[in-house]
Amino acid sequence: MVPILLLSDSPDSHSGLGRITRDIALQLSQMPEFRVGVMGRGGRGSSRLPFPQYIIGPEDNWGQMKFSECWRDFAQDERGVVFTIWDASRVRWLVAQEGLPPSLTGLLNEGRFERWGYFPLDASGPNNKITGVNADTISRYERVLAYGLWGKQLIENSTKRTNVDWLPHGINFNAFQPRDKTAARMAMGVSEGCDLVGMVATNQTRKDWGLAFCVFDQLRKNRPGIKFWCHTDVLIRHWNLDALLQDYNLRDCVHITQEGSFSDTELSHYYSACDLTVLPSSEGFGYPIVESLACGTPALHSNYAGGAELVPNKDWLIEPVTYRLEGQFNNLRVVFDPQDWVNAVVACLDDTWPSTECRRSVEHLDWVNLKQPWRQWLLSGVGLGT
């Protein structure tokens, strides 16, 4: 059995990366060829998960302060794999050894493990490339996996790698499926005749809640009686959703729920209640896009990054008017004219798609269909795949 330690968000956390890590770790735990563990940030650990978990605390930075201890405890004297499911900027220390403790530098030089990376790229940089330091980090990995074609092409364009592998991750289609719309709306206090627009997104910089509320405000003026459902992790972080509600005077038409308050199955009822959902952001993958479509509800997204690959109708992709650079890693972020989003929402409300077509467009992303491709890729890394 090959020891494989996943380094990412904790599998019991509510983040998208935590969900991906949990799903991949669970698949690995069912493969007799591997012995899996997870070193994760942002969780507490769970006895319900069938693999050992090492918690990265705030004092451990991105894991480098306790990696040596965790790896030696997990792998013992065996050679194995460290599989990172994180931004390249967070795992720079795995390939560049400046300023590391001697114990970690020694381990990194021993060749005790290969570095595999599943990189959640949600933006390019200038000249359609990843910024130099991140490209260099990815170049030094033994194996690299992209989320989709957009990410694959971006990595190939930014590094000397060719024929980069890519695999999407998926969702549980048993949980996310169309539900009775009338019952779901009654539970939300929305009458059957009302238009209902949803947005599911964490409270991060690149999830443009400010744009969303501007669009909501204009939609309410154009279509009196319209309602909005917003689902997020916390109300105040980068964006202050409470302040947005107040400043746009939208308290009477926006219903906000928070992550962790109900299960995936319960969340599917909210998606099913909506006429459409919006996600004004840049995505490496885009869970809310797939979840919405799997529940039979159209999803509107920016025509940029990996999320655009998931949207089956070109009219649901909103074109940026320009781009801006963000942060120390020179990520290109999209800038929109809010009216373009308003126009796309109105057009979608007036030209509905059958729920069966929405679901069919993403059914390849059911984990049932992805299990075998993932198994083959994992096994091929240790010379067992066919």
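This briefing walks through a strand neighbourhood, a buried histidine and some aromatic contacts. The model is predicted, so please read each point below in that light. Strand 6 (residues 143–146) is a good place to start, as buried residues cover both of its faces. From there we move to histidine 301 in strand 12, and then to the aromatic rings, which form 26 pairs in the structure.

**Strand 6 and its partners**

- On one side of strand 6 sit Arg143 and Leu145, on the other Val144 and Ala146, and all four are buried.
- In a regular strand, side chains alternate between the two faces of the sheet.
- Strand 5 (residues 113–119) pairs with strand 6 in the parallel sense, over four bridges.
- Within that pairing, valine 144 of strand 6 has glycine 117 opposite.
- To get from strand 5 to strand 6, the chain passes through helix 4 (residues 132–139), making a right-handed β-α-β crossover.
- Strand 7 (residues 165–166) is also a parallel partner of strand 6, with two bridges.
- Here tryptophan 166 in strand 7 stands opposite alanine 146.
- The route from strand 6 to strand 7 runs through helix 5 (residues 149–158), and this β-α-β crossover is right-handed.

**Histidine 301**

- Histidine 301 belongs to strand 12, which spans residues 299–302.
- Its relative accessibility is 0%, so histidine 301 counts as buried.
- The side chain of histidine 301 reaches the backbone oxygen of leucine 279 at 2.8 Å.
- Leaving aside neighbours within four places in sequence, the residues in contact with histidine 301 include Leu279, Ser281, Glu283, Val311, Trp316 and Trp341.

**Aromatic rings**

- There are 26 aromatic pairs in the structure.
- One of them joins tryptophan 150 and tyrosine 304: the ring centres are 5.9 Å apart and the planes lie at 70°, so the pair is edge-to-face.
- Because tryptophan 150 lies in helix 5 and tyrosine 304 in the loop between strand 12 and strand 13 (317–318), this pair ties together parts that are 154 residues apart in sequence.
- Both tryptophan 150 and tyrosine 304 are buried.
- One aromatic cluster is formed by Phe83, Trp116, Tyr118, Tyr147, Trp367, Trp374 and Trp377.

**Arginines over rings**

- Arginine 143, a buried residue of strand 6, has its charged end over the ring of tryptophan 377, 3.8 Å from the centre.
- Tryptophan 377 is also a member of the aromatic cluster that includes Phe83 and Trp116.
- Arginine 19 lies over the face of tyrosine 287, at 3.8 Å from the ring centre.

Terms used. Residues numbered from 1 in each chain as written. Predicted model: local features only at pLDDT ≥ 70, side-chain atom pairs only at ≥ 80, totals over all residues. Heavy atoms only, no water. Buried < 20%, exposed > 50% of the residue type's maximum accessible area, 1.4 Å probe, protein only. Polar contact = N/O pair within 3.5 Å; in protein donor to acceptor, adjacent residues only side chain to side chain. Contact = heavy atoms within 4.5 Å. Pairing = 2+ DSSP bridges. Right-handed = clockwise from strand over helix to strand, strands pointing away. Phe/Tyr/Trp six-rings, centres within 6.5 Å; stacked < 30°, edge-to-face > 60°. Lys NZ or Arg CZ within 6 Å of the ring centre and 35° of its normal.
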